[in-house]
Amino acid sequence: MTSTTSPSSLELLYRISREFASALDLHTVLQRVLFQSLKYVGGERASIVVMDDQGKAIDAAIVFGTRIQKSATYSLRETIERGLAGWVVRNRQPALVPDTSKDERWVQRPDDAADRSGAKAALCVPLVTRDQLVGVLTLVHPEPGAFKEEHLSLVQAIADQAAIAVLNARLYAESQRQARVMTSLAASASALNAALGVQEVLQRILDDTMRALQVETVALALLEDGDLVFQAVTGLGKEHILHKRAPARSGIFGRVVQEAQGTILPSISDEKTLAETHPFEGLEIRALAIAPIFAQNKVIGILEAINPLAKTFDTDALLVLAGIGNLAGSALQHAQLFERLQAAHKRYRELFDDNVDPIFVTDLEGNIYEANRQASILSGYTSQELIGKKILQLHTPRNAQVEMPVALKAGQTVSYEANLNAKDGHSIPIQVYVRQVFFDDTQALQWLMRDITERKELDKLREDMTAMIYHDLRSPLANIVSSLELLRALGAQQENETMETVLNIAQRSTDRIQRLLNSLLDISRLEAGQPIANRRSVSPTALIQDAVEAVQPTTNNRHQTLTVHIPDHLPEVFVDEDMMRRVLINLLENASKFTPPEGQIAIGAEERPGEVLFWVQDNGPGISAADQQRIFQKFARLTGKDGPGGLGLGLAFCRLAVLGHGGRIWVESEEGHGAKFFFAIPLQQ
């Protein structure tokens, strides 16, 4: 198969150089080098291996006559490692082998057996340019001794011309690959940043990887409870992978996760290797590339590409896969956060619309721009009619005009009673709670209006019952008091000590009933806003002594110690004497009621700037922080059915009486350490 007609060496090299230089695609250049070598030197087959700057084989081509063999790179690996081509690469010298059966550098294959193709002749030369080895060219002739020294010189001359063309084509291919990588990563970044939902992001990751690497299957798994769970798969055999779990601490998956570094398995040919690398049955895997997915510098999963369509992965495949994996981690986290935000917003809307109380959202000037379903039902206005209305057009505060609470602090809530002005003209009693919130990233006011019609009706029944009790008991109580006074006068004449004791008990009981009835009447008057009229200057010492005297029999019966702390020269206070004495008696009776037998009770007063501070202390069970405001409400009771009884009106009366005098009242207590009630009465200016 030796060429019969040959032009001059210069003309030959000129033709070959032009043939090589007219192409930039590396595979095209390699094929032309092989065909030209066979044409002008001779032989039945030729191969060429392209090396990178580190001496690693990155591409190859094989030609049998006029037929091109595909997937040549890995089939020539053994030759490069220990064959004739490897010797030429290591020594950078050409080699002439007249008889392959007699040269140890030739790797003997089954085809080289004597009963098959037998011995051959071979030429192998390095491709060197600018002192850089770019490849190795091998020609094989079926007849031993067919190649001579002149053939070696000619093929070396062809190789010198081919080296420049191969280097240029390799550099061009590398630049094209880099451009493709950058374009692929840029397209992936743009697509992933535009996606919002998790499923959309997952699908775009798979599509971008499939398009960039040209593979049969792409799968993505995320770490969950120590395992990798495959959340998304596209391509062939996805039913064998989707939603499956794989250990994240063993096998190839574990290595990628633990080392945080990707890997490529270029050839998986046996079942044992497949079982070690991939735990899923029913999936044919020939080659595999895996890269970790990062988020905030932590591995959160893996991205794998299976079976490239070109049979082998490009050298930049892992770079592309790792780049998409890095983009995928951030995109997935953003998508997950977005979905959580959407879910939270949906839950908020559901809670907002389905709330049993009307809720309005206004700007700081009180213009309504959001209202829930119950707001429309209670007010009678449609949602469109409510938008734009002033909140104070919809309700009227009961006691005074409420200004817009624009200065509300975070977490603070303002509450007051009002009447909701419904569309049909009727008025609905409501309790209003208003607080400052952030709504759509702006400061706003949220108004919750609770219908208290039933509570008001119940309050009215209680007030009617209170008035009935007061009026129905007042007259017979007056008769009882008169009778007791008459009996006391008769008993004094007879000097009967037993009768005197009984009369004292009856007198104290009637005094308590009178105080209760007067407190009921005062509660009604004070709640109606009536001013306290019967005021005069009174000594705090006298008030405390009267209260102590009234409660002393009770504390004595319970063997409780009652101590009084009153400094000298306390200024007088301008109060309703009877009402203020009843406040102190109520506080002392409460202290005695909740203090165990033989316990300690103390009462006192002191002057403060502009006021006189009264206090009553016990060593009872104490009051929880949650109950310290509730106890001043009407009918509020803190004990169970087996505890001290009462109507729950005493402290409510105390609060109204003190507030009616322009003062303030509060309690300080810790559970298990007793309670101390305070109230302050301003001094007369």
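## A tour from helix α16 outwards

Begin by selecting helix α16 in this predicted model: the helix is mostly covered, with 13 of its 18 residues buried. If you place a distance between its end C-alpha atoms, you should read 26 Å, which agrees with the 26 Å that 18 residues should span at 1.5 Å a residue. Then zoom in on the start of α16, where a side-chain oxygen of D576 comes to within 3.2 Å of the backbone nitrogen of D578.

**The largest nonpolar core**

Keep α16 on screen and add the largest nonpolar core, a set of 44 residues in which V583, L588, F677 and F679 touch the most other members. Among the contributors to this core, helix α16 (residues 577-594) gives the most, with 8 residues. Now centre the view on F677 and show what surrounds its ring: leaving out residues up to four places away in sequence, F677 touches L587, F614, W615, V616, I623, I631, F632, L651, W666 and V667. Apart from this core lies another one, of 32 residues, and you can find it by selecting members that include V29, V134, L139 and A163.

**L84 and Q156**

Next select L84, which has its place in helix α4 (residues 84-91). Is L84 buried or exposed? Its relative accessible area is 3%, so L84 is buried, the cut-off for that being under 20%. Not counting residues up to four places away in sequence, the residues that L84 touches are T79, A95, V97, R105, W106, A122 and C124. Of these, C124 deserves a distance label: L84 and C124 are 40 residues apart in sequence, while their C-alpha atoms are 7.2 Å apart in space.

Move on to Q156, which lies in helix α5 (residues 149-194). Q156 also counts as buried, at 17% relative accessibility. With its neighbours within four places in sequence left aside, Q156 is in contact with P94, V125 and P126.

**An open sheet with a helix on it**

Now show the open sheet of 6 strands, whose order is β9-β8-β7-β12-β11-β10 and whose pairing is antiparallel. Which strands stand at the edges? They are β9 (245-247) and β10 (263-265), each of which has a single partner strand, so one side of each is left without a neighbour in the sheet. Direction ignored, neighbouring strands of this sheet are turned by 25° against each other on average. At the β10 edge, 3 bridges join β10 to the antiparallel strand β11 (residues 288-295), and you can pick out one pairing by selecting I264 together with A289, its bridge partner in β11. Then add helix α7 (residues 251-259), which packs on the sheet and touches β7 (215-224), β8 (227-235), β9, β10, β11 and β12 (298-308); the direction of α7 makes about 35° with that of β11.

**Strands β15, β16 and β17**

For the last stop, select strand β16 (residues 413-421), which is joined by 3 bridges to strand β15 (residues 395-397), the two running antiparallel. Here H395 stands opposite L420 in β16. Strand β16 is also joined to strand β17 (residues 427-439), again in antiparallel fashion, by 9 bridges, and N419 has P429 as its bridge partner in β17. Finish on the hairpin of β16 and β17, which has 5 residues between the strands, and look at the backbone of G425, which takes a positive phi near 100°.

Methods
Residues numbered from 1 in each chain as written. Predicted model: local features only at pLDDT ≥ 70, side-chain atom pairs only at ≥ 80, totals over all residues. Heavy atoms only, no water. Core = buried A, V, L, I, M, F, W, Y, C linked by side-chain atoms within 4.5 Å. Buried < 20%, exposed > 50% of the residue type's maximum accessible area, 1.4 Å probe, protein only. Helix = DSSP H or I, 4+ residues; strand = E, 2+ residues; numbered from the N terminus. Contact = heavy atoms within 4.5 Å. Expected span 1.5 Å × (residues − 1). Polar contact = N/O pair within 3.5 Å; in protein donor to acceptor, adjacent residues only side chain to side chain. Pairing = 2+ DSSP bridges. Axes fitted to C-alpha atoms, helices over the stretch in contact; angles between N-to-C directions.
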